[in-house]
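Here is a short note for a colleague who has not seen this structure before. Please keep the sequence and the 3D view at hand while reading.

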Amino acid sequence: AAYLCFRYWRSTQSHFSDDCVLIQGGGYSGFYFMHGRLESLENAYNRTYLCYSAGCLNAVALWSGYSGLQLVDFGRHSQNLYVQGEMPWINATEQMIDNVIAGRGLERGRPRVSALERRARKNPKFLSNLNIMTTTFQWGFIPTLTIRTPCSLVELKEYLLQTCWIPYAT
């Protein structure tokens, strides 16, 4: 279904070239597999992406310059916080998203300016290359696919959370 949505969406967008990539979700293990595939794409940093669920976080992680091992560390950090009782499980996703967007250094625990934030300051329009499939509800109860493009890092976080937690139409 995601592929059909992608084909339709791309056919309605006259300004997209063949460099547009669909990144599907895949859960926890699929996230790491897909990250490796994205890293191997030619010109991966300048492509346009349509994504949902964990797939969207992959594009953000790629733009942030994180290796697969760094992403594993982020995941383990969130998992350890949960296991140690310092964070409820429901916050694990948001913790992972915060780590990838904000680039929090786990080794020292102090925030730093991430590569993503530097890139956003230099060229705020680069976020328009990320098109996130989320679910909205028509008339309050009919799940509908919506494709959203963030204009800021705050919107990016909001859309990433929405695509991870409301997968009815995505």
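The points below go from the overall make-up of the chain to its sheet, one helix and the surface.

1. The structure is a predicted model, and every point in this note should be read with that in mind.

2. The chain contains seven helices and four strands. Followed along the sequence, these elements come in the pattern α-β-α-β-α-α-α-α-β-β-α.

3. The four strands form an open sheet in the order S1-S2-S3-S4, and the pairing is mixed. Strand S1 (20-23) and strand S4 (142-148) are the edge strands, each of them pairing on one side only. On average, neighbouring strands of the sheet are turned by 25° against each other, with direction ignored.

4. How do strand S2 and strand S3 run, and how many bridges join them? Strand S2 (residues 48-51) and strand S3 (residues 130-138) run parallel and are joined by three bridges. Cys51 has Ile132 in S3 as its bridge partner.

5. One helix to look at against the sheet is H3, residues 54-64. Helix H3 lies across S1, S2 and S3, and runs at about 150° to S2.

6. Contacts that span the sequence can be stated as a share. Taking contacts in the chain between residues at least 6 apart in sequence, 62% join residues at least 24 apart.

7. The last point concerns burial and surface. The chain has 170 residues, of which 40% count as buried. About 9700 Å² of the chain is exposed, and 53% of this area is supplied by carbon and sulfur atoms.

Note on methods. Residues numbered from 1 in each chain as written. Predicted model: local features only at pLDDT ≥ 70, side-chain atom pairs only at ≥ 80, totals over all residues. Heavy atoms only, no water. Pairing = 2+ DSSP bridges. Helix = DSSP H or I, 4+ residues; strand = E, 2+ residues; numbered from the N terminus. Axes fitted to C-alpha atoms, helices over the stretch in contact; angles between N-to-C directions. Contact = heavy atoms within 4.5 Å. Buried < 20%, exposed > 50% of the residue type's maximum accessible area, 1.4 Å probe, protein only. Areas by Shrake-Rupley, 256 points an atom, 1.4 Å probe, with all protein chains shown as cover.
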